[in-house]
Each structure stands twice: as structure tokens, then as C-alpha cells.
Amino acid sequence: MHSPREPHVPDAYVRVRGAREHNLQGVDVDIPRDVLTVFTGVSGSGKSSLAFGTIYAEAQRRYFESVAPYARRLIHQVGAPKVAEISGLPPAVSLQQRRSTPTSRSSVGTVTNLSNSLRMLFSRAGDYPPGAERLDSDAFSPNTAAGACPECHGLGRVHRTTEESLVPDPSLSIREGAIAAWPGAWQGKNLRDILDTLGHDVDVPWRELPSEQREWILFTDEQPVVTVHPVRDADRIQRPYQGTYMSARRYVMKTFSDTKSPTLRAKAERFLTSTPCPVCKGRRLRAEALAVTVAGRTIADLAALPLAELAGTPVGTSEAARVLTEDLTSRIAPILELGLGYLSLDRATPTLSAGELQRLRLATQLRSGLFGVVYVLDEPSAGLHPADTEALLTVLDRLRSAGNSVFVVEHHLDVMRAADWLVDVGPLAGEHGGRILHSGPVAELATVAESATARFLFDRSPAPAREVRSPRGELKVGPITRHNLRDVTAEFPLGVFTAVTGVSGSGKSTLIGEITEELPGVGRLVSVDQKPIGRTPRSNLATYTGLFDVVRKVFATTDEARQRGYGVGRFSFNVPGGRCETCQGEGFVSVELLFLPSTYAPCPDCGGARYNPETLQVTYRGRNIAQILDLTVESAADFFADTDTPAVSRSLTTLLDVGLGYLHLGQPATELSGGEAQRIKLATELQRTHRTHTLYLLDEPTTGLHPADVEVLLRQLHGLVDAGHTVVVVEHDMAVVAGADWVIDLGPGGGEKGGRIVAAGPPRKMAVAEGSATAPYLASALA
């Protein structure tokens with residue numbers, strides 16, 4: 001006789017045990033499922049390592065395990081997250097702010113799948129010219145052979161090369177690298193040797209070559225094959241080989257059209273000039289597709305409309321038209337709700353900000369109807385005006401109500417207040433963080449003394465009143481007509497701190513993009529943006545700030561290095577000599593995967609140290625060069641404190657001043673967030689002392705920053721103004737705006753509804769400005 005079985009009650013928590021990813025200190029944490037959980041903590045505290053590096057990475061690993069043996073090999077190479085165990089983990093979907101590398105073919109329409117709905121509408125319900133046969137929906141896509149304009153292959157622009165673009169410096173010889181468009185390393189040397197064999201002079205300045213030779217070298221379509229007898233290098237015997245010549249134009253065009261590598265593609269693009277396609281006039285489609293209309297408009301016309309306008313466009317009366325239009329409008333609704341109604345379907349993905357792209361993906365997920373999954377989001381409020389943050393909260397709530405768990409890494413106080421559960425990681429950054437200070441309802445965080453988050457979340461005391469500085473002149477920008485700005489002229493006061501505000505898409509970035517060094521009053525212009533400081537693991541914090549040059553000199557002057565005859569170059573991981581040749585000094589090897597983006601895995605030989613064993617035998621004060629790169633900025637500052645290296649100390653101090661003490665000197669550029677990259681650029685700028693007036697432009701400098709880090713950053717920026725410079729920031733954080741001397745508010749809406757200066761003046765005056773979407777939020781920040 002069987003005893004009755006206990007009913008199985010599923011565990012309602014995701015339970016993480018022993019997480020040690022990055023700086024996490026073996027943490028255990030339980031997070032309830034099916035609620036909105038916000039992960040908080042200062043920048044670098046370890047909250048992303050917990051949410052993305054551990055929870056999401058483990059969900060992804062389990063998915064890979066279930067897919068295929070091939071994928072298992074891949075996990076083995078990429079490595080599983082460092083965690084003892086995680087139970088109760090549902091499948092996960094990540095919406096990260098990573099700049100995936102979208103091609104010029106990717107657009108708002110393709111990211112959201114709205115293009116499919118629109119093409120279907122034209123295929124099924126369009127008005128065709130008399131006698132024309134119906135076209136499949138494929139024929140309305142510029143990304144298919146059936147639809148693409150045959151001249152520009154659906155890109156809308158034609159690319160050409162010119163001698164000026166291929167050879168920027170005609171005073172160089174071919175051997176010195178005159179043909180900048182050629183590939184580097186062996187391939188470029190090979191092309192040079194072939195030209196030499198063909199009888200061209202590779203040692204005279206380019207401009208002295210006869211014009212027909214220059215023409216042939218750059219533009220020929222011939223591909224002659226010759227036997228090359230390479231010059232012998234002392235260390236290796238080289239045999240003659242058959243080499244095929246390819247002209248510079250042919251190489252650039254081939255790379256541009258065929259390569260899968262975004263880096264190579266971007267490099268090729270630098271040597272091309274582009275003009276609108278003469279056949280389709282930039283509309284990307286074949287004539288047959290452009291002959292079909294809906295309500296008198298072509299598909300290219302509709303794709304160019306802002307979504308808010310597209311949603312209200314009448315499109316015909318047939319039953320098919322009605323059904324297809326309803327589908328389209330229901331898909332557009334969540335995008336409008338997230339404040340992105342100003343975007344058009346044909347807007348290229350690379351021109352969107354990280355925040356816009358993430359919200360588009362979020363809107364698409366709302367329609368996907370998944371349930372029972374964990375959504376892991378990375379600062380969805382980035383780049384959002386406070387007026388749009390309320391809509392974001394509604395959307396997150398809808399995802400949760402559909403039966404999902406929503407995990408959000410976030411710095412925005414309103415998003416924290418709306419959470420059901422809060423996980424606070426800290427107390428500080430880097431090795432001083434990585435502990436769980438609180439995991440529970442939001443209100444209970446108030447009792448956690450060491451939490452930096454609690455201080456801002458529950459402190460209701462008003463902002464300290466600041467004396468508004470008086471400008472010493474003004475900078476007139478405009479009249480500007482670009483994007484949605486129509487004949488706008490703005491006046492920026494000089495010698496003060498100015499904040500530019502307005503809802504998403506109101507034209508803020510366009511406006512400050514018009515400030516150039518040529519304008520009277522600017523002097524020196526420094527634009528500090530969030531673009532990566534480098535695209536490969538080769539560039540890192542130490543190389544970018546110039547700090548590493550000094551450190552290499554220090555190593556080259558040690559007794560050990562002198563005895564061995566090691567110069568400064570021996571300690572560079574970018575040139576042969578001292579570096580590990582397996583990974584060529586990257587410390588990582590790229591693992592190419594079928595169907596999946598390639599990833600980096602630690603080098604099997606040097607284990608990530610970047611150098612060969614001989615180089616690592618040279619030490620300075622007990623540490624080798626790889627160990628120095630492994631120090632955090634903070635430990636490095638202590639290490640170099642009592643040495644005679646003022647340049648190193650200055651560099652490290654400025655990095656500490658912008659709150660980056662937790663980063664490792666050798667941290668690859670590919671692992672830095674946009675906010676970190678921006679602060680590294682700012683620190684690099686702060687260590688140069690300038691006598692002349694400088695205008696600093698920062699686009700949303702507080703993105704990705706905890707309120708405690710915002711305070712640190714503001715101290716620096718206000719310090720620059722006190723030193724006589726001018727600072728202009730585009731900003732959504734009202735705490736920053738409240739502390740400015742002058743505010744310029746754009747709007748009133750986004751896209752076509754924006755592009756005007758609604759009001760300008762000191763913060764107190766702006767807080768009561770009529771018709772400004774920013775005013776009520778600024779008023780409450782000042783109150």
C-alpha cells in the first residue's frame with residue numbers, strides 16, 4: 001500500500017549560494033520570484049556581477065547545456081560563473097545596455113519587428129499599379145534580394161573610394177605605409193612585396209610615383225599572381241611563394257561587404273565616401289516595390305514617419321487593411337508608452353542611444369507574451385526624463401503581472417521606491433564591496449547603517465542652497481536647423497555650470513553637438529562622451545590615461561632590466577619581445593563560435609598575464625609588471641605613494657577623484673561601462689593643467705552612477721568651473737540640474753513635438769517655467 005505523496009510546493013525563491021564572480025565575496029542571497037527586484041549599490045560594488053555575471057550567466061549556461069554538445073565546449077571555454085549553486089532559477093532573458101554591433105541594415109523597424117507588419121500590409125492591402133502582379137512581403141524589404149535596390153544593394157547609399165581617402169599622407173612611401181587602407185601585419189607586407197616584385201618603387205614618397213602607377217595600385221580590378229622572393233629576416237628562413245595582388249579599392253570594398261568583424265568593417269568604412277544612391281534616391285528599394293502605395297504613400301514614406309504619427313495614419317478600408325493596421329498599432333503602443341514615439345522605423349540602430357535601444361527591446365518583449373521567465377535589465381531608466389520614468393514603471397509592472405520575475409540593476413531612486421524587493425550590494429566599490437547589505441522590502445533598508453543607498457533613498461532634507469555664479473560672457477550657438485531643431489538659437493553663459501534638459505528626443509544632444517571650437521568664446525573644447533575608450537582588450541585604463549608609459553619607464557630603469565638589456569618596449573604588451581605570443585599580449589584569445597557572437601577566454605599560456613615568463617622575472621619593489629596591472633587604482637596609489645613618480649601619482653589621484661578607485665589598472669576597455677569610460681576620459685582631462693579657458697561638454701555624465709558617485713563627480717565638475725572654465729551637461733538627474741547656475745530646457749515634447757527652447761534661466765526661475773515638462777520635477781528637487 002502506497003503512502004499518499006506529499007504535494008510538491010515549488011520554492012518561491014531564487015537562492016544563490018557562494019557567489020564569487022568578480023568582487024563578490026562568497027555571497028548568499030535569496031530573491032523572491034514573480035516580483036520586481038531592484039539591485040542597488042555604488043558603481044563597482046558588485047550588483048551587476050550578481051545580477052548579470054552570476055544569475056543571468058548561470059541561466060544562460062543551463063540553456064547552452066541543454067542545447068548541444070557543441071555549445072558545451074563553448075561554455076567550457078568561456079567558463080561558468082563562479083558560484084557554488086543557484087536553485088529555483090527560471091529561464092532568463094537579458095536586456096543589457098551592451099552596444100551589440102548593429103550593422104547599417106539594422107533599424108528601429110527590424111529591432112521591433114514592426115517592419116514585418118508594415119511589409120505585410122503593403123503586400124496584402126496595398127494599391128498596385130494597373131497590371132502589376134502582387135508582391136510577396138519580402139519584396140518590400142531592403143534586406144532581401146527580392147526587395148533591395150540593385151544599385152546600392154538596399155543600403156540607400158553608394159560607397160566609393162578616392163585617392164585622398166586611401167592615401168591620407170602622400171609624403172610617405174609605400175614601405176612607410178602610404179596606403180592606409182591596406183591590411184596590417186603580414187597581409188599588408190605581402191601586398192607591398194608583390195608591388196616590389198612587379199617593379200613598382202616602394203621607397204619613394206607616394207606623390208612622386210607617376211599618376212598611372214598610382215591609379216593602377218589603388219583602383220585596378222586585375223589580380224596578377226607573381227612569385228615573391230621575400231627579404232630574409234635574420235630569425236626565419238622564408239621560401240618564395242605565389243602572391244596575388246589586390247588593389248586597395250578592391251580590398252576595402254571586399255572587406256566592407258563580406259567581413260563579419262565589426263572592427264574590420266568600421267576600418268574599411270573610414271576609407272569610403274558615401275552619397276545617396278542615384279537609382280532609388282536613398283529609399284533602398286526596387287522600383288516595383290516603390291510603385292505600391294497605401295493611402296497614397298509608399299512604404300519608404302511611412303517608414304520615415306515618427307511612430308506617433310504612423311500610428312494615427314489612415315490606411316485604407318478593406319478588411320485586410322483593417323486587421324493588419326490593428327496589429328501594427330497594437331505593436332506601436334508600448335513603444336509610444338515608453339516615450340519613443342519620435343523615432344521612425346527607418347532610423348538606423350547605430351544612431352540610437354543605449355537607453356533608447358534597450359527600451360525598444362523592452363517594448364518588443366511586452367508583446368512576446370512570455371511568462372515564467374526572469375527578465376534581467378540594466379538601468380532601464382538611463383537617458384530617461386523623469387516624466388518618462390513613470391511610463392517605464394508601468395511597463396515593468398506589466399511584465400511582472402504577466403507572471404515574470406523582473407530583476408533590475410538601477411540607480412534611479414523612483415525605480416527603487418517602486419520595487420517589491422531590494423538587494424543592496426556594498427558598502428563601497430571593488431574590493432571594499434561585494435557583500436550583501438540588505439535583501440528584503442525597500443522600507444527595511446532604512447535601518448542599514450552602512451548602506452550608501454539608504455542615505456539618498458530616505459533622506460528628505462532639502463538640497464543645500466548654492467550661490468548662483470555670474471557668467472563672464474556668453475556663447476551664441478545657431479541658428480540651427482538639424483534633426484528636429486528648426487532655426488533654433490541658444491545662448492550659453494561662459495564661466496558657469498549649465499544644464500540642458502528636456503524629454504527624450506527633444507533635441508538636447510543635437511543642440512550641444514553644434515558647439516564647436518570655431519565659435520567665438522569657446523577657446524578649447526573638450527567633449528567627454530560615453531563611447532568606449534577602446535574596442536579590444538588591448539586598450540585599458542593604464543594605457544588610455546598615459547599612466548602605463550611612465551610605469552614601463554620605471555621598470556626599464558630597474559637593475560635587473562638593465563642587466564638583461566630590456567628597454568621600455570620590452571614591457572609593452574602591444575609589440576613582440578616581452579609579450580606572450582600566444583595571445584599577442586591581449587591576455588585573452590577570441591573564441592569564434594558558430595551562430596553565436598564570439599567571446600574572449602583567458603589565454604591558455606600566460607593565463608591572462610599578457611607577458612612571457614622572462615619579462616615577468618623583472619620586478620619593481622617586489623612586483624612584476626603583470627602584478628602592477630592587476631592592482632586597483634586605490635592600491636596602486638598606496639604602492640606608488642612614496643616613490644619618485646609624480647606623473648603616476650597625479651594620474652592615480654585624478655582617477656580616485658572621479659570615483660574610480662575600484663578599477664584595475666589593466667582592466668580591458670571592453671569590460672568598462674559607458675559611465676566608467678566617460679569618467680576615465682574626464683580624469684585624463686583633469687590631470688592636464690590648462691591655463692586657457694576650456695569648455696567641457698558632457699552628455700548625461702551621471703548615467704550608470706549611484707547618487708553617492710554623482711556627488712563625487714559634481715565636486716570635480718564644479719571644481720573646473722571654479723577654476724575659470726565652462727561646463728555644459730545634458731542631464732536628466734534633477735539633483736544635478738538643481739545645483740547648476742543656468743538651465744536651458746528643450747521641448748516641450750520629443751521628435752516633431754520638440755526642438756524648441758521652452759525656457760532658459762537659473763534653476764529657481766526654471767522650476768516655475770510655464771509649459772516645461774521639466775519644471776515640476778526640478779521644483780520638487782529644489783524643495
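Student: In which loop does Glu133 lie?

Tutor: Glu133 belongs to the loop between helix H4 and strand S6 (157-160). Please keep in mind that this is a predicted model.

Student: Is Glu133 buried or exposed?

Tutor: A residue counts as exposed when its relative accessible area is over 50%. Glu133 has a relative accessible area of 66%, so this residue is exposed.

Student: How far is the C-alpha atom of Glu133 from that of Glu288?

Tutor: The two residues are 155 residues apart along the chain, and their C-alpha atoms are separated by 9.6 Å.

Student: Where is Ser43 found, and is this residue buried or exposed?

Tutor: Ser43 is found in the loop between strand S3 (36-40) and helix H1 (47-67). The term buried applies under 20% relative accessible area. Ser43 has a relative accessibility of 5%, and therefore counts as buried.

Student: Which side chain forms a polar contact with that of Ser43?

Tutor: The side chain of Asp709 does, in a polar contact of 2.8 Å.

Student: How should I read a sheet, and what is the order of the strands in the open sheet of three strands?

Tutor: In general, the strands of a sheet pair through backbone hydrogen bonds, and the pairing is either parallel or antiparallel. In this structure, the open sheet has the order S2-S1-S4, and its pairing is antiparallel.

Student: Why is one side of S2 and of S4 left without a neighbour in the sheet?

Tutor: Strand S2 (27-32) and strand S4 (83-87) stand at the edges; each has a single partner strand, so one side of each lacks a neighbour in the sheet. On average, neighbouring strands of this sheet are turned by 5° against each other, direction ignored.

Student: How many bridges join S1 to S4, and which residue in S4 stands opposite Val16?

Tutor: Strand S1 (residues 13-19) is joined to S4 by four bridges, and the two strands run antiparallel. Opposite Val16 stands Ile86 in S4.

Student: How many cavities of 30 Å³ or more are there, and what is the volume of the largest?

Tutor: The count comes to one cavity of 30 Å³ or more. The largest cavity has a volume of about 80 Å³. Helix H4 (114-125), helix H12 (307-311) and helix H13 (319-337) are the elements that give two or more residues to its lining.

Student: Which element gives the largest share of that lining, and how do the lining residues divide?

Tutor: H13 provides the largest share, four residues. The lining of the largest cavity has eight nonpolar residues, three polar and no charged. Its residues include Leu118, Leu302, Ala311 and Thr325.

Methods
Residues numbered from 1 in each chain as written. Predicted model: local features only at pLDDT ≥ 70, side-chain atom pairs only at ≥ 80, totals over all residues. Heavy atoms only, no water. 1 Å grid on protein atoms, 1.4 Å probe; cavity = no way out; pocket = protein on both sides within 12 Å on 5 of 7 lines; lining within 4 Å. Points joined across faces, edges and corners; volume = space filled by probe spheres on them. Nonpolar A, V, L, I, M, F, W, Y, C, P; charged D, E, K, R; others polar. Pairing = 2+ DSSP bridges. Axes fitted to C-alpha atoms, helices over the stretch in contact; angles between N-to-C directions. Buried < 20%, exposed > 50% of the residue type's maximum accessible area, 1.4 Å probe, protein only. Polar contact = N/O pair within 3.5 Å; in protein donor to acceptor, adjacent residues only side chain to side chain.
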